[in-house]
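Reader: Could you take me through the aromatic rings in this one? I'd like a close look at how they sit against each other.

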Amino acid sequence: MKILIIEDEKELVKTIKDYLEQEGLLCETAYSWFEAEDALSVFKYDIIILDLTLPGGDGLDLIKLIKNGNQQAGLLIVSARDSLDDKIIGLDMGADDYLTKPFHLAELNSRIKSLLRRRHFEGSSEIIFNEIRINTDSNEVFINGNIIDLTKKEFEILLYFITNKNRVITREAIAEHVWGNSISGADNYDFIYSHIKNIRRKIEFSSGRDYLHNIYGIGYKFSEK
Amino acid sequence: MKLLQKTNRAYFLISGLAFLIAGVIIYFVISFFFKDQLNEKLKSDIGDVELSIERNGTIPDYYPFIEAHEVQDQPERSYETVDTLIFDETEKENIPFREISVVTSVNGKRYYIAARDALFEQGDLLTTIAIVIGSVFMLLLLSLYFINRKLSLKIWQPFYRTLDELKDFSHDKPDFKLTPVSEPYEFTELTKTLEKLTNKVISDYQSLKRFTEDSSHEIQTPLAVIQSKLETLLQYPDLKRDQAEMITSIYIYSQRISRLIQTLLLLTRIANDQFPEKRAVNFSELIEEKLQLFEDNILGKSLTIKKSIEPECVLETNFFLAESMVINLIENAVKHSNAEGSVNITLEKNHFEISNSGTPVQVPSSKLFERFYKVNKSSDSQGLGLAIVKEICTLNNWGIVYEYKEGLHKFIIRF
């Protein structure tokens, strides 16, 4: 999987790149409009992460370039210009998703994975982690082959954890993933706790192992140990 | 009233008055000159009679125009002028005459001599003047009317075109242009000034828009770097617990700044009317959908939700703002209702009401909508939710009121 990160803030690019490379994704970077243009004309990418505010030109023009060229890439816009115009124009022009800065790395990762799944780059809409199997088309979860009944939010949380496995996920990131940007997270910590309690209970009921670890005061980590 | 109607009316009134005054003056001047002339003529007639008596000794008598006879008992006297009525045989009516008489000596004898002539009848004179003035007045009005029509069609035409073009003006149309006017000078200047003004409005609006977007970018990008670094830092396996807690706390506070900036910029953008795109928004669906977001909070507080939502309440407005308003109102109601209390939502075609149970607040209702106003000072909410709701209502010309009645905090919006 090859990803092009078009973003002029080098420090941000570095963290994104590190995070995604740990996920086994190959990342290339472009720090300006022209570098992006060069990269796009030579290579093909699976996912392009595009910041709209770039030195050398308007990010929206790059969308045209990507869509008119022979790129088949999934396009994710990352912008601090949360002006709705840009969001609508961007999506109208063919961007697949839009993320507003600042964002949680876990959220970015989850969006990219979802984009890859939607484009069937991974060949299947199934995610398997040991005895857990998630079908992202039908939104069903199987433990040892037995379907377990999760609510919509529980499903979203579990999928978010598995997508970001082996990482510490903050409660803020979970709250924003489930409730969106419009509601402040702090009120929802208790609900996250009770949703996670339910997920644990349901997985254990189907004799699945408990991979969810509390990281006190920070959040949770989904991992084997 | 249109400009032309107004000027026409003024023209008519003033010229009517002027003509009336002119008529009166003409009447007096004419009758003065006429009488003066008549007096001269009559005096010369008397002179003729005197001459005739002196030369020929004959006393002419053309009643009623000339009357002369010898007198003994009257003393000599100078001219005496009187107006009398004399019955006219042919016209069978009394006709006003001017008479000048004199008693004078000719060849040693005293004579009474009177000369008379018909006076113009005043009524006749008035009628004549009225007809003349009236017809001149009508002629003037008629020509004024046609001149104005032509003016309105031709000279005022660029003015009306500019006016029509201006009606289409909106600050978010960067390519707005007025058609230049070459004549008359006043309209050329007016159009030029208007063009300058509209360009200024557009460029101010654009730079304000760019400023809010740029400041958003300039602040949020560093925050994005900080947050991503903190998130990475949290991944270190041998992090001590107090270190992790510190990082989390920095993380939470940087998120708070980011949210605050976002909300403040949102408020600024609402105030600047930077949400021009409107579409039909189904409030019935929107409210149901957003209520879902608070499912957990409602369950957690064991709140009773009473809904009376009329289906298909559709309003033409900006979707993003409508969404923001609904979320803020529901969040406010859910957050401030007491545990096991109730939240009531009523939606009708032009009326939206949301209320929650709770103890009364000791603040004037206007304060509730102020920025950063918090009833509970220690709460970590921004205190901007209701300010946003208020701004959105103002932008859309919706009325919003708060009241506390029967243990309920009520927010009522009239669309």
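Author: Here is a walk through the aromatic rings, with a short stop at a nonpolar patch afterwards. Keep in mind that this is a predicted model. Searching the whole structure turns up 23 aromatic pairs over all chains. To describe a pair of aromatic rings, you give the distance of the centres and the angle of the planes.

Let's start in chain A. The ring centres of A:Trp33 and A:Phe34 are 5.8 Å apart and the planes meet at 65°, so this pair is edge-to-face; the cut-off for that label is over 60 degrees. A:Trp33 is buried, at 13% relative accessible area, whereas A:Phe34 is partly exposed, at 48%.

Now hop over to chain B. B:Trp156 and B:Phe159 have ring centres 5.3 Å apart and planes at 90°, so they are edge-to-face too. B:Trp156 has a relative accessible area of 18%, and because buried means under 20%, it counts as buried. B:Phe159, with 24%, is partly exposed.

Rings can also join up in a cluster: ring pairs link A:Phe129, A:Phe161, A:Tyr211, A:Tyr220 and A:Phe222.

Some rings have a charge for company. A:Lys2 has its charged end over the ring of A:Tyr45, 5.3 Å from the ring's centre. In chain B, the charged end of B:Lys43 sits over the ring of B:Tyr79, with 5.4 Å to the centre.

Last stop, the surface. There, B:Phe32 and B:Phe33 belong to a nonpolar patch with B:Leu17, B:Ile21, B:Ile25 and B:Val29, and together these residues have about 610 Å² of accessible area. B:Ile21 lies in helix 1 of chain B, residues 3-56, and is partly exposed at 49%.

Technical notes. Residues numbered from 1 in each chain as written. Chains lettered and ligands numbered in written order. Predicted model: local features only at pLDDT ≥ 70, side-chain atom pairs only at ≥ 80, totals over all residues. Heavy atoms only, no water. Patch = residues over 30% accessible without salt bridge, like charges linked within 9 Å, V, L, I, M, F, W, Y side chains within 5 Å. Areas by Shrake-Rupley, 256 points an atom, 1.4 Å probe, with all protein chains shown as cover. Salt bridge = Lys/Arg side-chain N within 4 Å of Asp/Glu carboxyl O. Helix = DSSP H or I, 4+ residues; strand = E, 2+ residues; numbered from the N terminus. Buried < 20%, exposed > 50% of the residue type's maximum accessible area, 1.4 Å probe, protein only. Phe/Tyr/Trp six-rings, centres within 6.5 Å; stacked < 30°, edge-to-face > 60°. Lys NZ or Arg CZ within 6 Å of the ring centre and 35° of its normal.
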